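Here's a quick briefing to read with the model open beside you. It goes topic by topic, so feel free to jump around.

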Amino acid sequence: LSGIRSGASAGAMGCMAAYNDIDGMPCHANRELLTDILREEMGFDGLVMSDGCGVDRLEPVVGSLEKAGAAAVHAGVDLNLWNDAFLKLEEAAASGLLDENDIDTAVRRILTVKFRLGLFENPYVDEAEVRRHVATENNRQTALEIAREVPVLLENRNSTLPLPDSVKSIAVIGPNSDTVLNQLGDYTSWQEEGRVITVLEGIRQEASAGCEVLSVQGCSVRGQDKSGFPEALEAATKADVTVLVLGGSSTREPGGNFADNGAMFMNDFTGEIDCGEGRDLADIRLGGVQEELALEIRKLNKPLVGVLIQGRPHAVPRLAKACDALLCGWYPGEQGGKAIAEILFGKTAPSGRLPVSIPRDSGQLPVYYNRKDIENYVDMSAEPLYPFGYGLSYSRFSLSDFRFDQERLSRSELMDGKKFRLHLKLTNSGDRAASEVVQLYIHDKESSVTRRNRELKDFQKTFLPPGGSRELTLELDAEALKVYDWKMNPVLEPGNITVMAGTASNCIHFEKDVQILP
């Protein structure tokens, strides 16, 4: 709810209803959620669109398409996406299932957004503008800048990365080393030749002159065929270092069967796709024989760098142990191969931090940082393999000189706009220019409901030269300190709150209580 509130307050003009239900009430028919909370409580004045065929999915619940459409419009769904139920609204109104005032309200919201966007004054666009703004050099540069922020360095034993200039040959191996669409994520359209730079191409571009780059696929994402292992091992044996590019795929394969909402049917699960809409996994280890390939290459006892191109956090404890360095590239986009290569060769310092926790095993799930109290399992730790907010750098950073402006504020002061402000100094104590992400967490120690052990409330990403320092200020306002009580009302409660600052959810450098007075 806090995310929806932030979007609404930032001026978002459209929301999409979800497929899920809350306590048995489908979202597309939930008037309390879509009208009472979203519109009246949060002040959202845009339109709500259905998810694909989401209203039609009400039919088994309410009994007919007419009733489904009426329920959705009354709840606050204004705009249709592929629902036959909305084609039955006239019949629903004629039979008394739907009040025409609800239709008028939905139409008014849609027209209001169209007026705000200027669609009546300027209903058409110049199609030639597409070529002037898409696939331009500026676009490519923007894609590269974004891609540089994506990868997260998870392991770097013995400073394996960045690769030294002494490396004269590199074996680039793995199913995601040179597969264009696997870098791009779910619902990706076909790309023009040469527009996407794969990891292999990026390494070839960024490697020093005279460095030999060998390329072998080795295996597929999910297949069991090991016939490529010997060639991969031969290449790894010849090379000074191996870059093993593994992970998953959301590529939409040609010839697949799709559901009415655009998701691919699970009974077509015969190819490489293991992530995206309609592609859930029971086992989140790497698919196929990828891990086996990594363990075989590890036996060569030569430097091994792992790169994960993936849309979900795979459980990779054995891979993490096998690799000297491990970089999570997620789906880095069309310039992702170049950005990853820049990091591998040290032309860019890794600065990404995990937006999720990476588990050790499927049996741990769910794994997330903002949990309540939890005990370890008998057979493994309950802690994630890599926690939320985590990420290594090529440099070293320190936090110091912590101080609050005020450690006590009343509820009325906070509601009037005052904030708890934590000042600190961030110093790059290493010998490389790099970025660090300073993170602010809280734990409410006196609450009417059970609270999370840690809740991220603010963060700042800061670039510093070697030896450089900067004063930072992290803030807690009334919205950040509110809690949803047992009636789901956002309230600001008095009491003591522990404030924590650090560089990851498990790496806290400072901890102190502040107090909200009655």
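In which sense do S11 and strand S13 pair, and over how many bridges? They pair in the antiparallel sense, over 6 bridges, with S13 covering residues 420-428. Keep in mind that this is a predicted model. The points below cover two sheets, the aromatic pairs and a nonpolar surface patch.

**The three-stranded sheet**

- S11, S13 and S16 make up an open sheet, in the order S11-S13-S16, with antiparallel pairing.
- Its edges are strand S11 (397-404) and strand S16 (469-476), and each of these pairs on one side only.
- From one strand to the next, the twist averages 25 degrees.
- Strands in a sheet pair by way of backbone hydrogen bonds, in either a parallel or an antiparallel way.
- To get your bearings between S11 and S13, look for Arg-403, whose bridge partner in S13 is His-423.
- A second landmark is Ser-400, which stands opposite Lys-425 in S13.
- S13 also runs antiparallel to S16, and 8 bridges join the two.
- On that side, Leu-426 sits opposite Arg-470 in S16.
- Why is S13 described as largely enclosed by the rest of the structure? Because 7 of its 9 residues are buried.

**The six-stranded sheet**

- Another open sheet has 6 strands, ordered S5-S10-S9-S8-S6-S7, and here the pairing is mixed.
- Strand S5 (152-156) and strand S7 (212-216) are the edge strands; each has a single partner strand, so one side of each is left without a neighbour in the sheet.
- The twist in this sheet averages 15 degrees from one strand to the next.
- S5 is joined to strand S10 (residues 325-328) by 4 bridges, and the two run antiparallel.
- If you want a spot to check, Asn-156 stands opposite Ala-325 in S10.

**Aromatic pairs**

- The structure has 6 aromatic pairs.
- One of them is Tyr-386 with Tyr-390, a stacked pair at 5.6 Å centre to centre and 25 degrees between the planes.
- Tyr-386 and Tyr-390 are both buried.
- Phe-402 and Phe-510 are stacked as well, with 4.6 Å centre to centre and 15 degrees between the planes.
- Phe-402 belongs to strand S11 and Phe-510 to strand S20 (residues 507-517), so this pair ties together parts that are 108 residues apart in sequence.
- Buried or partly exposed: what are the two rings of that pair? Phe-402 counts as partly exposed because its relative accessibility is 21%, while Phe-510, at 14%, counts as buried.
- The cut-off matters here: buried means under 20% relative accessible area, so Phe-402 at 21% falls outside that class.
- Tyr-369, Phe-388 and Tyr-441 come together as one aromatic cluster.

**A nonpolar patch on the surface**

- Which residues make the nonpolar surface patch of about 360 Å²? Val-107, Leu-111, Phe-115 and Phe-120 do.
- Val-107 is found in helix H6, which spans residues 100-116.
- With a relative accessibility of 40%, Val-107 counts as partly exposed.

Terms used:
Residues numbered from 1 in each chain as written. Predicted model: local features only at pLDDT ≥ 70, side-chain atom pairs only at ≥ 80, totals over all residues. Heavy atoms only, no water. Pairing = 2+ DSSP bridges. Axes fitted to C-alpha atoms, helices over the stretch in contact; angles between N-to-C directions. Patch = residues over 30% accessible without salt bridge, like charges linked within 9 Å, V, L, I, M, F, W, Y side chains within 5 Å. Areas by Shrake-Rupley, 256 points an atom, 1.4 Å probe, with all protein chains shown as cover. Salt bridge = Lys/Arg side-chain N within 4 Å of Asp/Glu carboxyl O. Buried < 20%, exposed > 50% of the residue type's maximum accessible area, 1.4 Å probe, protein only. Phe/Tyr/Trp six-rings, centres within 6.5 Å; stacked < 30°, edge-to-face > 60°.
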